[in-house]
Structures are given as C-alpha cells and as structure tokens.
Amino acid sequence: MTDFQSLGLSKTLLKAVEDEGYTTPTPVQQLSIPPLLDGRDVLGVAQTGTGKTAAFALPVLQIMERRRTQGKRYIRALILSPTRELAAQIDERFDAYSKNMDIRHRVIFGGVKQNPQVRALNKGLDILVATPGRLLDLIGQGFVDLSNVEFFVLDEADRMLDMGFIRDIEKVLKLLPKKRQNLLFSATMPKSIAKLAGSFLNKAVMVDVSPKEMTVDRIEQKIMFLRKADKRRLLVQLIKEQKVERGIVFTRTKHGANRLVKQLGQSNLSAAAIHGNKSQGARTRALAGFKDGSVPILVATDIASRGIDVEGITHVFNYDLPNEPESYVHRIGRTARAGRSGIAYAFCDDSESGYLVGIQQLIGQEIPVDSQHEFHFIGAIPKPGQKPGKVKDSSGTKKRPRNSKSNNNSRGQNQRRPRRDSNNNQGSRGGNRNNNNRNNNNNNSNSNHRRGSNGSNRNRNEN
Ligand code: AMP
C-alpha cells in the first residue's frame, strides 16, 4: 500500500499530514503528487471530496520550500476557485498543511470588504487563493502582481465555465509569466474543458479518479412525480416522517431557496439557506449550524453548495430537478460519503420531466419511482420518447389541470401535455441559469461594468 512517505514528501509535510490524521494518500494524491514534485503539469479529473486539495497543495508547498526566496514576499502560487466556500476551504487546507512552514497565504473573494484583503496583499503573500471576480477587481486597482507566479491552479474548472468565468480566466492567464507549473482540476471533462486545458497546460500528466458510476450505487434514489404546488407539502411530510437530522434540499433559484426556508419554518422545521446572494457571514453561519446539527436542513442552490463537504448527510432532496444532469450526480453525492449509505429524493413536476430524461441518460439507469404518496401526479411522468431538456407548458400558464389525479390511467386526456421546447435542449446550461439570475445581480461586486456584454458575468453573483 502506498504511504505518504513513498510519494517523496518532506518531513515537514509528512508531519502536517499525520497531524491531520491522514494515514493513506487518496488515489488522486497518489497519482498527482509525484509528477507535481517533478515539476510536471497535471490535468486532474476529480471531484471535491477526493482529497484533491492536498494533491496540489502538498507538492506546491514542498517546491516552494525547496526554492525559498529572499526579500519581500511575492505571489508564487495562485489558486483560482469558482466559489467563496471552496476558496475558503482551500485556504483553510493550506493553513493546516503549511503550519510548520514559513508561508503566508490568503484567500480573497467578493461579497466582503476588500480592505483587509488589500492589506494582506500589501504585506506580501506567497500563496493567493481567489475567486475570479474579486481577483480581477483587485488587479484592476493595482493591488495584485501576478508576474512572479510559479504555480497556477485552476480548481473546479467545469464549474468555472458554467459560471461564465472563461473570459476572466483568459485575462488572468495573460498576466502570468510564461514559465510556470499548471494544474487544472475538474469534476468532469467535457470538450470545453479539454480545450481550455490544451490552451495552457504543457504536456500535462492526466490523472483521472472520476468515480465511473459516480457514487450512485450506494445511494438509494427515488423519483416522485407531483405538481409543483404540492412539492412543499411532500417535503415537509418526508422530513417529519423520516425525522431527518441532516438533510440538504436543492432548489434551482436563490429566491426559491429563501422562500422554502420560510415555508419550512412555518411548518416548525428549522432550515437555513445558502446561496450567492447571502452575505459571507450568513453563509458561514448556515454551514456552521448545519455541521454542528443545530440546523438540520440546509436549502442550497447548486453553485453555492459546490465544495461543501459535510459528513453524515443522510438525505438529499432535489426539490427542483437541476437543468444540468451533472448537477444531479453532484447533488446526490453529498450523501453516502465515506462508505455510508444515503437516500436521495427527486421531485419532478410536469415542467421538469425533460430534465429527468437527461439525468437518467447520464446515470444510465432509471430512477425507481415512488408513487406511494398522496401527491402522485402522472402528468409529470416523461412521455415515451421524450427528449432531454426543458419542457414548456403549451399555454405558458401554470393552471392546475383538472381531474388529473394519479388513479387516472389514460394519461393526458384531461391534462395539458407538456411540450418540448426545442430551443432549450442544448443551450439550457447557461441560458436557464442566466434567467434565474437575471434579477439577482444587484449584489455583484462593483466590477460588473468591466465585463463584456456577452454574458460572461452570468452567475458571478454566486461567487
Ligand atoms: P478535498 O477533496 O480536497 O476537498 O478533501 C476532502 C476531505 O478529505 C477534506 O476534509 C480533507 O481534509 C480530507 N482528506 C484529504 N486527504 C486525505 C487523506 N489522505 N486521508 C484522509 N482524509 C483526507
């Protein structure tokens, strides 16, 4: 069995790893650390939760220690992360691993005052962990010099692209010196990521630890067909019946998350929301309450939940089905961590059946249907041959179809048949998100005016 020593790590780092209680390197660590210590670029396909932070942080720290510099500190390693939570977690890991070293690191992200960040930058840093928006803001104001960067890490690259950060990444890349070591981590490897990787990685070693079946097998999954208007009641019923002590509920929009927290409160269920419009303080408090068990239910949007690594989540509720099939896999992977089992419920209303088709195609299986609940609604079941993607109500109204309870086996006679919206089959990744966020851009950092008009700022308020 490989141990940390055989990977070539220094005594200082071995001690740090031991203090963290790690005994065996995870697969991504086993495969990434040796080539990184050799100075190679690495392209890693790995999700959060696989130990990928240590996979890049340990070798970066070791090489930095090997090549110590004199005089004022300058940024030698830049780690870009799509979300504040992930950035904060990465910085916290650097703190743990470098505690016996003379290394100064700092995380910067939007949504909080910039002054403390500027002070830290002025004092001099060795390692900077950042989200793209705030980084470019501070670069624009002349507070960040990237001209001496030796290591560039792009984390969760797929999510970066989903969030419309490609232009920001390109801008940052232009500011980096040519000679440097690069790492790119991504949970998935679509063509767009392969293209991005090809644009700046140099003869990279490919490390793929993506779980082939994802964690899907250990997770009991259920799909429940119902009307949108009944979702809340079913959720309350399930949480109460199953006495959920640690569950995460996913909504598609931030507004939906807020509303649901209120509604759960009205049913005497304590919940907290976590999404990009919440202040950093509120996000941290929500997570802390969830971790210590005082808040049993966390209501989250996909992007804000990325990178959240909380042990012991027993239930995942897909209150809204995600419009990106990959998000379903990420969501349900929040449960059944560390060999435990978990249950993932998915609520599907008649506007979401196309999303379900996409999800089932991606995971290569049909999710078992639970129709034994009082809200079962056959009008939400995908039609034979239905294509993946968004379903549009033909009338555009949300009127409840009459006489459409589940005991009616001639589906659709009295129901409006959902019609596919062919325009949305492919473009839905960015397009739908954009819509969801269109009204929510008022808390963006003040750098929005810098962004082009091509949508490159979409979703950046999640950052
Ligand atoms: P990451 O994928 O980097 O977010 O790491 C997920 C979690 O795994 C973090 O809580 C790490 O502290 C933990 N971790 C990382 N490497 C190891 C290891 N070799 N053994 C045990 N836990 C680890």
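**Ligand shell**

I started with the chemistry of the shell around the ligand: three residues are nonpolar, eight polar and two charged. Worth jotting down right away that this is a predicted model. Next I asked myself which residues come nearest to the ligand. Out of the 13 around it, those are Tyr22, Thr48, Gly51, Thr53 and Ala54. Then I checked which element gives the largest share of the shell, and helix H3, residues 52–66, came up with three residues.

**Helix H3**

Since H3 kept turning up, I looked at its geometry. At 1.5 Å a residue, its 15 residues should span 21 Å, and I find the end C-alpha atoms 22 Å apart, so the two agree. Is H3 mostly covered or mostly open? Covered: 12 of the 15 residues are buried. I listed the buried ones, and among them are Lys52, Thr53, Ala54, Phe56, Gln62 and Met64. Thr53 and Ala54 are thus buried and also belong to the set that comes nearest to the ligand.

**Whole chain**

I zoomed out for a moment. The protein chain has 16 helices and 15 strands, and 47% of its 463 residues count as buried. I also looked at contacts with a separation of 6 or more: 77% of them link residues 24 or more positions apart.

**Strands E9 to E13**

I went to strand E11, residues 297–300, and checked where its side chains go. Ile297 and Val299 point one way, Leu298 and Ala300 the other way, and all are buried. Which strands does E11 pair with? Strand E9 (residues 247–250) runs parallel to E11 and is joined to it by four bridges; Phe250 has Ala300 as its bridge partner there. Strand E10 (residues 271–274) is also parallel to E11, again with four bridges, and I see Ala272 opposite Leu298. I followed the chain from E10 to E11: it passes through helix H12, residues 280–292, and this β-α-β crossover is right-handed.

E9 has another pairing, with strand E12, in the parallel sense over four bridges. I noted Gly247 and His315 as bridge partners. E12 covers residues 315–318; His315 and Phe317 point one way, Val316 and Asn318 the other way, and all are buried. From E12 I moved on to strand E13, residues 342–348, which pairs with E12 in the parallel sense over four bridges. Here Asn318 is the bridge partner of Ala346. So my path along the pairings ran E10 to E11, E11 to E9, E9 to E12 and E12 to E13.

**Two positive phi values**

Last stop was the backbone torsions. Most residues other than glycine have a negative phi, which is the reason I wrote down the next two. Lys203 has a phi near 45°, a positive value. Where is Lys203 found? In the loop between helix H9 (191–200) and strand E7 (205–208). Lys243 has a positive phi too, about 45°, and is not a glycine. Lys243 has its place in the loop between helix H10 (231–241) and E9.

Buried or exposed, I wondered about Lys203? I count 6 other C-beta atoms within 10 Å of Lys203, and the cut-off for exposed is 12 or fewer, so Lys203 is exposed. Lys243 counts as exposed because 8 C-beta neighbours lie inside 10 Å.

How values were computed: Residues are numbered from 1 along each chain as its sequence is written. This is a predicted model: local features need pLDDT of at least 70, side-chain atom pairs count only at pLDDT 80 or more; totals for chains, interfaces and linings use all residues. A residue is near a molecule or strand if its C-beta atom, placed from the backbone, lies within 6 Å of it. Ala, Val, Leu, Ile, Met, Phe, Trp, Tyr, Cys and Pro count as nonpolar, Asp, Glu, Lys and Arg as charged, and the others, Gly among them, as polar. A residue is buried if 20 or more other C-beta atoms lie within 10 Å of its own, exposed if 12 or fewer, and partly exposed in between; C-beta atoms are placed from the backbone. Two strands pair if DSSP finds at least two bridges between them. A crossover is right-handed if, with the strands pointing away from the viewer, the path from the first strand over the helix to the second runs clockwise. Two residues are in contact if their C-beta atoms, placed from the backbone, lie within 7 Å. The expected span of a helix is 1.5 Å times one less than its number of residues.
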